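Student: I should like to understand how the terms applied to this structure are justified. May we go through them one at a time?

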Amino acid sequence: MLSVLFMQQMRSLVEIAGLWNPERLAAELDKNLSQLFRSASDHPITVDGTIGVLDMGRRRLTYTSLKGKGYLLREGQLHKLHTYPFSFGEGLGASAEEHELELQPGDRLYFLSDGLANQRYPAQDRPLGTKGVTDLLLSLQSLPIHQQKDALLTELHRLCSAGLQNDDVIVVGMEIE
């Protein structure tokens, strides 16, 4: 439900208001969602995420991330993308600045929800966690980007084999040509 509200607000800002700047989008989304959530619930409701514009012609990513999970893999090294320690809906989005990345052919970008890190190991009572996710992403690097989806799904099914999936899982991966 939160994802639907978030995407509806995003669509409205992009298509109707014509906003394309990640910094302005983050500020407006945060303001709109904090007002909407404040009136809908006594409990804090927030959304973690990254807003980005990918300019393939200039090989540039411009993004703003509020507790988002994003990684750049370059030359075998996995780098966590900058993120702010607050979420959409907390009313702090106007203080988030956008960041730019110059991309190179062969770079891989990954954007994830927290669902994969929150998934629990079948035989243990602990989540995969951020380290487990980064290790998993690094272990996939010998595979072409289009084959990584199947490898990730296999790992997710293994993690879920002893029980139900306990969170939404979104992974977007891309390779720069």
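**Terms and their grounds**

Tutor: We may, bearing in mind that this is a predicted model. Let us begin with Gln148, which touches Arg108, Tyr110, Leu140, Gln141 and Leu143, residues up to four places away in sequence not being counted.

Student: Where is Gln148 placed?

Tutor: Gln148 belongs to helix H5, which covers residues 145-160.

Student: Why is Gln148 called buried?

Tutor: The relative accessible area of Gln148 is 2%. Buried means under 20%, and therefore Gln148, at 2%, is classed as buried.

Student: What makes the approach of the Gln148 side chain to the backbone oxygen of Leu143 a polar contact?

Tutor: The side chain of Gln148 reaches that oxygen of Leu143 at 3.2 Å. The cut-off for a pair of N or O atoms is 3.5 Å, and 3.2 Å falls within it.

Student: How do you know that the length of H5 agrees with its number of residues?

Tutor: H5 has 16 residues, which at 1.5 Å a residue should span 22 Å. The end C-alpha atoms of H5 are 23 Å apart, so the two values agree.

Student: Which residues of H5 are buried, and why are they said to line one face?

Tutor: The buried residues of H5 are Gln148, Leu152, Glu155, Leu156, Leu159 and Cys160. Viewed down the helix axis, they fall within an arc of 130 degrees, and so they line one face of H5. An α-helix has 3.6 residues a turn, so residues three or four places apart point the same way.

Student: What do the two sides of H5 meet or carry?

Tutor: The buried residues of H5 pack against S6, H3, H4 and strand S7 (171-175). The face turned away from the buried side carries the exposed residues His146, Asp150, Thr154 and His157.

Student: Which residues of H4 are buried, and against what do they pack?

Tutor: In helix H4 (residues 129-139), the buried residues are Gly129, Gly132, Val133, Thr134, Leu136 and Leu137. Their packing partners include H5 and strand S6 (108-112).

Student: Let us turn to Glu90, in the loop between strand S4 (77-80) and strand S5 (99-102). Why is Glu90 called partly exposed?

Tutor: Glu90 has a relative accessible area of 39%. Buried requires under 20% and exposed over 50%; 39% lies in between, and Glu90 is therefore partly exposed.

Student: Which residues does Glu90 contact?

Tutor: Leaving aside neighbours within four places in sequence, Glu90 is in contact with Asp30, Ser34, Thr46 and Lys67. In addition, a polar atom of the Glu90 side chain lies 3.0 Å from the backbone nitrogen of Ser87.

Methods:
Residues are numbered from 1 along each chain as its sequence is written. This is a predicted model: local features need pLDDT of at least 70, side-chain atom pairs count only at pLDDT 80 or more; totals for chains, interfaces and linings use all residues. Side-chain values use heavy atoms; hydrogens and water are left out. Helices (H or I, at least four residues) and strands (E, at least two) are DSSP runs, numbered from the N terminus. Buried means under 20% relative accessible area, exposed over 50%, partly exposed in between (1.4 Å probe, protein chains only). A polar contact is a pair of N or O atoms within 3.5 Å; within protein, one must be able to donate a hydrogen and the other to accept it, and residues adjacent in sequence count only if both atoms are side-chain atoms. Contact means heavy atoms within 4.5 Å. The expected span of a helix is 1.5 Å times one less than its number of residues. The arc is that of the directions from the helix axis to the C-beta atoms.
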